[in-house]
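Colleague: I'm new to this, and I'd like to learn how to read a model like this one. Could we look at it together?

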Amino acid sequence: MKIVDGMVEGTRGRGGRRISWVKNVKDSTGMKISECCEILLERERCICGTLHSVDQFLNIKLTDINVTDPEKYPHMLSVKTCFIRGSVVRYVQLPADECDTQLLQDATRKEAAQNKQR
Amino acid sequence: MADDQDQAIPVQTVEEPLDLVRLSLDERIYVKMRTDRELRGRLHAYDQHLNMILGDVEETVTTSEIDEETYEEIFKTTKRTIPMLFVRGDGVILVSPPMRTAT
Amino acid sequence: MVEIVTADGRVIVGTLKGFDQAINLILDESHERVYSSGQGVEQVILGLYIVRGDNVALIGEVDDDTDNGLDFEGIRAEPLNPIIH
């Protein structure tokens with residue numbers, strides 16, 4: 001029931017590093033922000049939409065959204081653009097063919113090395 | 001790559017838990033998640049929160065029901081595959097490096 | 001007009017008058033849409049509400065034309081489940 005809000009409380013001071021990783025993710029997945037991605041909320045509900053932006057708490061803004069099962073979930077029929085609080089997201093399904101996995105791995109190694117030095 | 005020496009040391013050694021995760025990059029790992037979920041997939045990226053990006057993921061969800069007559073717990077597993085998945089770190093319980101025994 | 005979905009699965013529609021960093025919201029002329037499988041959507045008038053950010057799962061921008069065209073009496077749906085962590 002409770003949102004465990006680790007993100008907002010826990011990372012404020014370290015926001016800088018976080019942004020960079022998210023940026024890497026955005027760069028390398030080429031979410032030129034027109035690709036469809038799927039946000040699975042922690043309630044077994046799927047929303048499909050175009051990823052518009054992500055902030056350091058992983059709050060997400062989606063445009064042109066579609067609910068994958070409107071029969072079961074008519075609750076958002078009139079919503080086309082939405083903001084999702086990062087803390088309620090479990091997964092984001094990404095477009096696999098647009099992910100440069102080599103770039104992701106390199107970026108991760110680089111950041112791991114940077115975090116060591118601090 | 002100005003200081004190759006500095007770079008070389010952390011690559012070889014495991015000093016902290018996340019080093020083990022780093023060594024699992026580009027390998028298939030097992031992730032145990034909260035709410036009875038398990039993931040198997042290739043690790044492409046992670047950060048200090050254990051937010052991760054996994055490729056070719058198989059998700060296993062285990063649900064339990066109580067049989068109305070015998071009151072026995074019945075476990076059901078559902079599987080699905082996802083080509084590329086971002087996983088939020090706060091749901092992660094454990095990350096296990098690749099199983100060397102399997103092929 | 002926005003539609004918010006709370007962590008416990010309620011759907012509240014209202015005019016977004018303000019918000020802050022923690023996603024605390026001020027909703028004016030708000031009402032809750034209570035979904036149930038047995039009857040149509042019940043609309044409960046709430047008025048001016050301040051919603052604490054922790055309880056917000058999603059904020060959606062409502063397209064007024066689409067919204068006015070919906071037949072809420074005829075919609076039957078299970079209420080949304082709460083968020084499980």
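Colleague: Let's start with the pocket. Which residues lie nearest the centre of the largest pocket?

Modeller: Keep in mind that this is a predicted model. To read a pocket, look at what lines it. Here 18 residues line the largest pocket, and those nearest its centre are A:Phe83, C:Leu16, C:Phe19, C:Ile23 and C:Ile59.

Colleague: And which strands supply at least two residues each of that lining?

Modeller: Try mapping the lining onto the strands. Strand S4 (79-84) of chain A does it, and so do strand S2 (11-19) and strand S5 (56-62) of chain C.

Colleague: How many of the lining residues are nonpolar, polar and charged?

Modeller: Sorting by class gives a quick feel for a lining. This one has nine nonpolar, five polar and four charged residues. As for the space inside, the largest pocket holds about 360 Å³.

Colleague: Chain C keeps coming up. In what order do its elements run?

Modeller: Read from the N terminus on. You'll meet β-β-β-β-β-α in chain C, that is, five strands and one helix.

Colleague: What does UniProt place on chain C?

Modeller: A record can put a name on a stretch of chain. An unreviewed UniProt entry gives the feature "domain: Sm" at residues 1-65 of chain C. In the model, that span is 63% strand and 3% helix, and its end C-alpha atoms lie 11 Å apart.

Colleague: Why does the radius of gyration of chain C agree with a compact globule?

Modeller: You compare the value with what the chain length suggests. A compact globule of 85 residues would come out near 12 Å, and chain C has 13 Å, so the two agree. Along the principal axes, the C-alpha atoms of chain C fill a box of roughly 40 × 35 × 20 Å.

Colleague: Now confidence. Where in chain C is it lowest, and where is it highest?

Modeller: Go element by element. Helix H1 (residues 64-68) of chain C is lowest, at a mean of 90, while strand S3 (residues 25-34) of chain C is highest, at 95. Over the whole of chain C the mean pLDDT is 90, and 100% of the residues reach 70 or more.

Colleague: What are the mean values for chain A and chain B?

Modeller: Take each chain by itself. Chain A averages a pLDDT of 66, with 57% of its residues scoring at least 70. Chain B has a mean of 84, and 83% of its residues reach 70 or more.

Colleague: Where does pLDDT stay under 50 in chain A?

Modeller: Look for runs of low scores. Residues 1-20 of chain A form one such run, and residues 27-44 of chain A are another. In chain B, pLDDT stays under 50 over residues 6-10. For the model overall, ipTM is 0.85 and pTM is 0.75.

Note on methods. Residues numbered from 1 in each chain as written. Chains lettered and ligands numbered in written order. Predicted model: local features only at pLDDT ≥ 70, side-chain atom pairs only at ≥ 80, totals over all residues. Heavy atoms only, no water. pLDDT = per-residue confidence, 0-100. Contact = heavy atoms within 4.5 Å. UniProt positions renumbered as here; feature names shortened; annotations may be inferred. Helix = DSSP H or I, 4+ residues; strand = E, 2+ residues; numbered from the N terminus. 1 Å grid on protein atoms, 1.4 Å probe; cavity = no way out; pocket = protein on both sides within 12 Å on 5 of 7 lines; lining within 4 Å. Points joined across faces, edges and corners; volume = space filled by probe spheres on them. Nonpolar A, V, L, I, M, F, W, Y, C, P; charged D, E, K, R; others polar. Rg over C-alpha atoms; globule rule 2.2 N^0.38 Å.
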